[in-house]
Amino acid sequence: MTQTASPYTATVPVSVPVSVPGRPSRRARHRAAALLTLLVALLGLTLAGATGASAHAALLSTDPKQGAVVQTAPTQVTLHFSEQVTLEKDGMRVFDPGGKRVDTGATGHAGGDDSTARVALDPGLAEGTYTVAWRAISADTHPVSGAFTFSYGHASSTTSVSGEQATKGSTLVGTLYGASRSVQYGAYALLVGSVALVLLCWPTGVRLRPVQRLMLGGWAGLLLATVAQLLLRGPYEAAKGLGQLFDLTMIQQTLHEHLGTMLIVRVLLLAAAGVFLSLLGGQAGVGLPETESTDLRTEHRLRITLGITGAVLAIALACTWALADHASVGMQVDLAVPLDVVHILSMACWLGGLAAVLLGLRTPTAEGGIGAAQVQRFSTVAMCAVTALVGTGVYQAWRGLGSWGAFTGTTYGRLLLIKIGAVLVILASAWMSRRWTAILRAEPEPEPAAPETDPATESADADTEAGTSAEAKANTGADAGSDTGTLADSKTGGPGAEGDASAGAGAGADAESPDAGTDPVRAAQLARQQAARRSVVTARAREASPARGMLLRSVLLEVTFAVIVLIVTTLLTNAPPGRSVSAQAQSQTSAPSGPVDLNLAFDTGGSTDNAKGKVSIDIDPARVGTNLLHAYVYDSSGKPADEPELDIRVTYPAKSLGPFDVQLDKVDAGHWASSTLQLPMAGTWQLQVIIRSDDIDETTVTAPMQVSN
């Protein structure tokens, strides 16, 4: 009696081994228990590594103050940040007016305060304007940098120094670093979402090859991107190029950081995830049809065990992000971290599950594709995930923005608006998907297709069966002692029933192994015929169920905008939250306001008496709006110098404003004035004075000035 193959196992390709149906072995149960114990231990290590601080360090104040003119030579420069920072030995560099470094010793914290940075200065500083370039690592692992100037004795011109440019870092390294973070978010969503869909909604989906590839692709992508971030972290935070990618010193420094710990934990968790995926795909009873699976109680127990293990693994992986990004610092950390974990898990279950559903819809139900009942079940799971996603997202937005104005006034707020818009499009598509799912459920489920066979193979099987029957009859009527001769005749194509059987078997073999296996042309023809047959079956299935095709399109739209959400999420983690930006702006504008008095030495290089001297600039009240400016030029002897030409320009580097020419009126010899100087924004402005002592000789001197509200 010929055993009829299950339609599921005959039509759905399998790339993972499936053990004999039955109760899970004791060894498999021990492996699952050991894996669960390991995951709990790793989760504990992850939670133990959490630290408290605040998000994206903002420079609150400096000593000496930005743009200040001090009369006593400073012995050190101190910076005060809004939260804890990690410093490099060369994190602060101070340059004199000629561009020479005057800092001495390593950069450290002032008085043991982790929210400060301090570096000592050489003794015997000359008078003039000094430039400070600094770089630090926020508690949320993001590098922050900047530069400012102060003057000792009087302001002077400054020389461009390479130290200020080094804080910008390599554009390529920054791009690759950001890309690795985006890939990690996407790969995590694919891994967790596809596994959640299989365990909660679609057990037979684990036997579908595209779903298997999705799981393994998510796992491999997350592992490779994590290793890439680990290698790129050193050059990224040190503002170096790709040549330092495998620098052992930088790698060691990264491993000693909080982020390095989280990345190592993530790699260990992914090693455990590989074992989990092998258990999920190879364990008996998971995803098998009822005719081949174990009893329902055993399968239910097995799915619960794997589900708990997978949940612990997914939560632990999510913690490696939550404990190293914005949620781990700032206010309400104890509440923000678990809510961020829920946010990440909800995102993964929803968006990663959508990708798996999309693959299931592309496969006809008769060939193992996802059915309407499974889609409806996932729709319920997705609704719960979206509810959690929106709730936690609202809290994160409130915590990160701080004010309604930050929506449009900060990069963080503008990115958040883009993310909200993309999520709304996804929700609209999800609503349409639910409607098409309801229509699809009302349609009758198609019968599972019989195993696909080649027509030539069917004919050959029939001939083989007839030949076998004839051989059985001949053997029955033959003498018991003629077995050897009959076997010889059968092998040599002898006459009688054996010859007929040999002919029948030859017909079957002609369609199967000899020609198809040894003739590549014939094998290619058969492959093309089978592919064409599958295409026709798929097209007919879609034509027979228009609702399934529309559901496929709406899910594809959801997945497309899900990719946009993941990219914007990465940009959000790299952008300083609105609260930090507001705190920094407030600290800059809260500086003492008042008239600005600048004394700039100049030398045009000419031979006349007025070629060398000093220009004094007075700006009153040095506030946003209209200001009064006076410029006095003195020669080297201190007498007013009647220069042929004097021009003044102002720029605002923080917003790339300017340069703006100041309309000057000559009041007297060596005296120019303007009553229409407009300064539209508060902050540090750059003042340029162009002095021409004769028809040829000319020079430009610059100095910063502080403008308040």
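Which residue in β8 is the bridge partner of Thr131? The partner is Thr149. The structure is a predicted model, and this pair of threonines is a convenient place to enter it. Strands β7 (residues 128-138) and β8 (residues 143-152) run antiparallel and are joined by 10 bridges. Both belong to an open sheet of 4 strands, ordered β2-β8-β7-β4, in which the pairing is mixed. At its edges stand β2 (69-70) and β4 (85-95), each of which pairs on one side only. Helix α5 packs on this sheet, where α5 touches β4, β7 and β8. The direction of α5 makes about 165° with that of β7.

Another open sheet has 4 strands in the order β1-β3-β6-β5, with antiparallel pairing. Its edge strands, β1 (59-63) and β5 (103-110), each have a single partner strand, so one side of each is left without a neighbour in the sheet. From one strand to the next, the twist averages 20°. Within this sheet, β3 (residues 76-81) and β6 (residues 113-121) pair in the antiparallel sense over 5 bridges. His80 has Thr116 in β6 as its bridge partner.

The helices bring us to the nonpolar interior. The largest nonpolar core has 77 residues, and Tyr188 and Trp350 touch the most other members. Elements that give two or more residues to this core include α4 (171-200), α5 (209-237), α9 (333-362) and α18 (546-574). Helix α9 provides the largest share, 15 residues. Leaving aside residues up to four places away in sequence, Tyr188 touches Gly193, Leu222, Ala314, Leu317, Ala318, Trp321, Ile344, Leu345 and Ala348. A second, separate core holds 30 residues, among them Ala155, Val596, Leu600 and Val662.

Charged side chains supply another set of links. The whole structure contains 7 salt bridges. One of them joins Arg101 to Asp90, with the closest N and O atoms 2.9 Å apart. Asp90 lies in strand β4 and Arg101 in the loop between β4 and β5, so the pair ties together parts that are 11 residues apart in sequence. Arg101 is partly exposed at 33% relative accessible area, and Asp90 is also partly exposed, at 37%.

Further along the chain, Arg692 and Glu645 meet in a salt bridge of 2.9 Å, N to O. This pair links distant parts of the chain, with Arg692 in β16 (residues 683-692) and Glu645 in β12 (residues 645-652), 47 residues apart. Arg692 counts as buried because its relative accessible area is 19% and the limit for burial is under 20%. Glu645 is partly exposed at 30%. Strand β12 also carries Arg649, which meets Asp661 of β13 (residues 657-661), 12 residues apart; the N to O distance in this salt bridge is 3.0 Å. Asp661 is exposed, with a relative accessible area of 54%, whereas Arg649 is partly exposed at 35%. Salt bridges that share partners also join Asp90, Arg101 and Asp103 into one network.

Confidence varies along the chain. The average pLDDT is 75, and 72% of the residues score at least 70. Among the elements, α5 has the highest mean pLDDT, 92, and α1 (residues 7-11) the lowest, 35. Residues 1-25 have pLDDT below 50, and this stretch has 52 contacts in the model beyond near neighbours in sequence. Over residues 162-168 the pLDDT likewise stays under 50, with 14 contacts beyond four places in sequence.

How values were computed. Residues are numbered from 1 along each chain as its sequence is written. This is a predicted model: local features need pLDDT of at least 70, side-chain atom pairs count only at pLDDT 80 or more; totals for chains, interfaces and linings use all residues. Side-chain values use heavy atoms; hydrogens and water are left out. A nonpolar core is a set of buried Ala, Val, Leu, Ile, Met, Phe, Trp, Tyr and Cys residues joined through side-chain atoms within 4.5 Å. Buried means under 20% relative accessible area, exposed over 50%, partly exposed in between (1.4 Å probe, protein chains only). Contact means heavy atoms within 4.5 Å. Two strands pair if DSSP finds at least two bridges between them. Axes are lines fitted to C-alpha atoms, for helices over the stretch in contact, and angles run from 0 to 180 degrees between N-to-C directions. pLDDT is the predictor's confidence in each residue, from 0 to 100. A salt bridge is a side-chain nitrogen of Lys or Arg within 4 Å of a carboxyl oxygen of Asp or Glu.
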